Each structure stands twice: as C-alpha cells, then as structure tokens.
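Please examine the sequence and the three-dimensional model shown below. The paragraphs that follow lead through the architecture step by step.

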Amino acid sequence: MAEIVIENLRKEFGDFTAVQSSSFRIEDGEFFMLLGPSGCGKTTTLRMIAGLELPTSGEIYIDGEEVANRPASQRDIAFVFQMFALYPHMNVRKNISYPLISQGMKRAQVKARVAEVARILGIEDILDRPVGGLSGGDRQRVALGRAIVREPKAFMMDEPLGALDAEFRERMAEELRALHDRMGATTVYVTHDQLEAMQMGDKIVVMNHGVIEQFGVPQDIYDKPASMFVADFIGSPPMNFLKFPGVLARGDRAVRMHDVELGVPLAEEGFRGDLVFGVRPEHVRFDDAAAYRGRVLATEYLGTTQIVTVDTEGGQLKVRAPSDQRVTVGDQVGLAFDRRTITLFEAASGRALC
Ligand code: ATP
C-alpha cells in the first residue's frame, strides 16, 4: 500500500520537454489513470514514478519518502508492461514463482503464495501448463500473477490491455478493476483510451503535450472539463463547441445565447474576448419552441439512441436523442439547452470560464 505524491516533476530529453512541472497526489489504494493522446508524456511520468527514468527536476514521495533519485529496486513497485513479458520456456507456476525465488524466499512459502495468487486470478487449473500454448487472456492473467505475487507497494501499468481485441479488452478491464478492489493496492495505469479511463479509474489525470490539463474524479472530468481539450478528448461523440460572436466585458453578470442565459462567475468579471459554448450531445433537446435553430444534416442509429448532426449558426452540433424520435435529414429543428449543463470557454486559451 502506498500514497504517491508528485511535486513539480519535469523531464527533458535534450531540448525537448516531455513532462512539464507536474504535480498531483495519488491516495493509498487508488486506481489512478494517466490519460492522454500519444506522446503527451504519460509513459515518461509512469517511468519516473517507477524509477525507470530519472526526472530532470521535481520530487516523488512514496509514503512520505522522497525517492526521485533512488533506483527502481529500492521503490518496491511492480511495473506491468503490455503483460506479455513472460518466460516462454517455463510453465505458469514457474513464471509466477520467479520473482519470489529470485528474492530467496523458501520453497514452502513460494508454493503457498503462488497458490494464493492462482486462486485470486482463477488460474489454478493451468499452473502446470507451458505459457507458450495459452490464450491471450490467460497469458495476461499469468503476467498479472507475476506482478502481484511479491505484494509490492504499488503497481505501474502501461497500456496493459493494449494488445487485446475489443471484446477481451473489456473483460480484462473488468477483471483488473475487480482484482484491484480485492487487493486494494495503489495502481497507476497509463491509457490513451478515455472510455477505459472513465470506467476503471478512481481519479484521472488528463495530459496534453507534457502538461496536466485536468486532475479529478471521472464524473468531474466529464461534467466540468477544465479546457476545450479535455471536453473534446472525453466523451463519444465529444462535447459540441458553438462559437459565440459576443464578448463578455467587465461588469457583465450574464451572457446570452438566444434564450439561454448563463451566469458569469465573479472571478471572471474582467474577462473580455470571444466565447465558446460547450454542450454535450445528450444535453441538447429538440424543442419546436426553442429560439436556437438549425437544419438536420445526418442521423446515425445506435440502437436505443441516435446521433443527429445539426447545422446551426454557431457551428455543427451533435444531439443524442432517443431513437424513436422522428428526425429526418433536411428538417428545421429548434434546440433547447439546460443552462446548468453548458460549459463556457474562453476561445483564445480554450480554458473553461464556468
Ligand atoms: P505513447 O502512448 O505514444 O507512448 P506517451 O504519452 O506515453 O505516448 P511518452 O512515451 O511519455 O508519451 O513520450 C512523451 C514524448 O517524449 C514523446 O514525444 C516521445 O517521443 C518523447 N520521448 C520519450 N522517451 C524519450 C527518449 N528516451 N528520448 C527522447 N525522447 C523521448
């Protein structure tokens, strides 16, 4: 078990900065996601926590001890790569025992511990099979077994499900989360898959170009994105952005987009610039009486819901509507918004205002 605190962590490779001054806290026992597009610095951050990469500057505390310059072997962290790094010539039991035997643990203790891990993972019946002939899912379980067998303080996982097809991936994601809930060990998990991060994570850090865009629980990241980047990266389809021609001047307390009025937080009273309204597809309703109007460009049937693309004055927008709602390409429609579900962004910086 471990609490991990990151302070002003930075990594430069030559004159390229891969991670810029990151700070966040991972609570003991948390399933913590590092999420972002390819190249944003997730893996570098994970490798610094694990001790596989030295930071250029900043601090890493594990259970209150500063470890940034300590080797990986002194951090008691298990690193799980794409999980296929097994010893192919050994059977499952030997693969899982290996970390304990190399630590010099007594044979009887090793046996008991391997039996316990096999029970947790549900792989008792394949312990004597060679790993070469196992299915992808079983190999995954064995690799996990090898990581959890020595009960490290924390697990670092880098896209562990990346090599699996979609169906397996979902099942293994559920298994991993259930395993975490049983063991309660702090886990830091790298993914570029927003759905995986939302489904599995207790907390999420969203990174972009080496910078932390937002840090929080999945629901806050979804409902209150801190930036247009986060709003666009999370959700499928992502948040709609409508360009608003007006400006918000000093002293304004509200902005209007046709019949939608938004309060303005006092801290932003002095803001002046173009605005962007962000609204998620499921928070737009078709309403004949609404003042904001558009023309239906396309409909996409998804079973219980449909995604309707509408061309409006502020830009194209997608609406998630019940699939039994009759909408036809070419229809003129009114669009209603609930003001509490709208995020207002500063166009120039992309930062959320309220
Ligand atoms: P991916 O999912 O593609 O691995 P990531 O978010 O994990 O992306 P990192 O692997 O952390 O990204 O890499 C961040 C940036 O740092 C990338 O532009 C990468 O090319 C660069 N980088 C990583 N390791 C090195 C290195 N050893 N030398 C030089 N540049 C590196």
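Which strand order and which pairing does the open sheet of five strands have? The order is β15-β19-β16-β17-β18, and the pairing is antiparallel. Strands are DSSP runs of E with at least two residues, helices are runs of H or I with at least four residues, and both are numbered from the N terminus. Two strands pair if DSSP finds at least two bridges between them. The model is a predicted one, in which local features need pLDDT of at least 70 and side-chain atom pairs count only at pLDDT 80 or more, while totals for chains, interfaces and linings use all residues. Residues are numbered from 1 along each chain as its sequence is written.

At the edges of this five-stranded sheet stand β15 (284–286) and β18 (315–322), each of which pairs on one side only. Neighbouring strands of the sheet are turned by 45° against each other on average, direction ignored. The axes behind such angles are lines fitted to C-alpha atoms, for helices over the stretch in contact, and angles run from 0 to 180 degrees between N-to-C directions. On one side of the sheet, β15 pairs with strand β19 (residues 332–337) in the antiparallel sense over three bridges; within this pair, Arg285 has Ala336 of β19 as its bridge partner. At the other edge, strand β17 (residues 305–312) is joined to β18 by eight bridges, again in the antiparallel sense. Thr309 is bridged to Lys318 in β18, and the two strands β17 and β18 form a hairpin with two residues between them.

A further open sheet has six strands in the order β6-β7-β8-β3-β9-β10, with mixed pairing. Because β6 (77–80) and β10 (211–216) stand at its edges with a single partner strand each, one side of each is left without a neighbour in the sheet. From one strand to the next, the twist averages 15°. The partner of β6 is strand β7 (residues 154–158); the two run parallel and are joined by four bridges. Within this pair, Ile77 has Ala154 of β7 as its bridge partner.

The N-terminal strands offer another set of pairings. Strand β1 (residues 4–13) pairs with strand β4 (residues 57–62) in the antiparallel sense over five bridges, and Ile4 is bridged to Ile62 in β4. β1 also pairs with β2, in the antiparallel sense and over seven bridges; here Val5 stands opposite Arg25 in β2. The strands β1 and β2 form a hairpin with two residues between them, and Gly14 in the turn has a positive phi of about 60°. Strand β2 also contains Ser21, which has a positive phi of about 35° although it is not a glycine.

How do the helices cross? Helix α2 (residues 92–102) and helix α3 (residues 107–121) have axes that come within 10 Å and cross at roughly 130°. That angle makes α2 oblique to α3, since angles under 35 degrees count as roughly parallel, over 145 as roughly antiparallel, 65 to 115 as roughly perpendicular and the rest as oblique. The crossing of α2 past α3 is right-handed, meaning that the near helix is turned clockwise from the far one by less than a right angle, whereas an anticlockwise turn would be left-handed. The axes of α2 and helix α4 (residues 136–148) come within 7 Å and cross at roughly 25°, so α2 is roughly parallel to α4. α2 passes α4 in a right-handed crossing as well.

The ligand is surrounded by Phe13, Phe16, Ala18, Gly36, Ser38, Gly39, Cys40, Gly41, Lys42, Thr43, Thr44 and His192. A residue is near the ligand if its C-beta atom, placed from the backbone, lies within 6 Å of it. The elements that give two or more residues to this shell are β2 (16–26) and α1 (42–50), and α1 gives the most, with three residues.

At the level of the whole protein, an automatic or database assignment gives domain 1 (4–228) and domain 2 (237–346). Their centres, taken over C-alpha atoms, are separated by 39 Å. Ser236 and Pro237 are joined by a cis peptide bond, with omega about -5°. Pro237 lies in the loop between α8 (228–233) and β11 (240–247).
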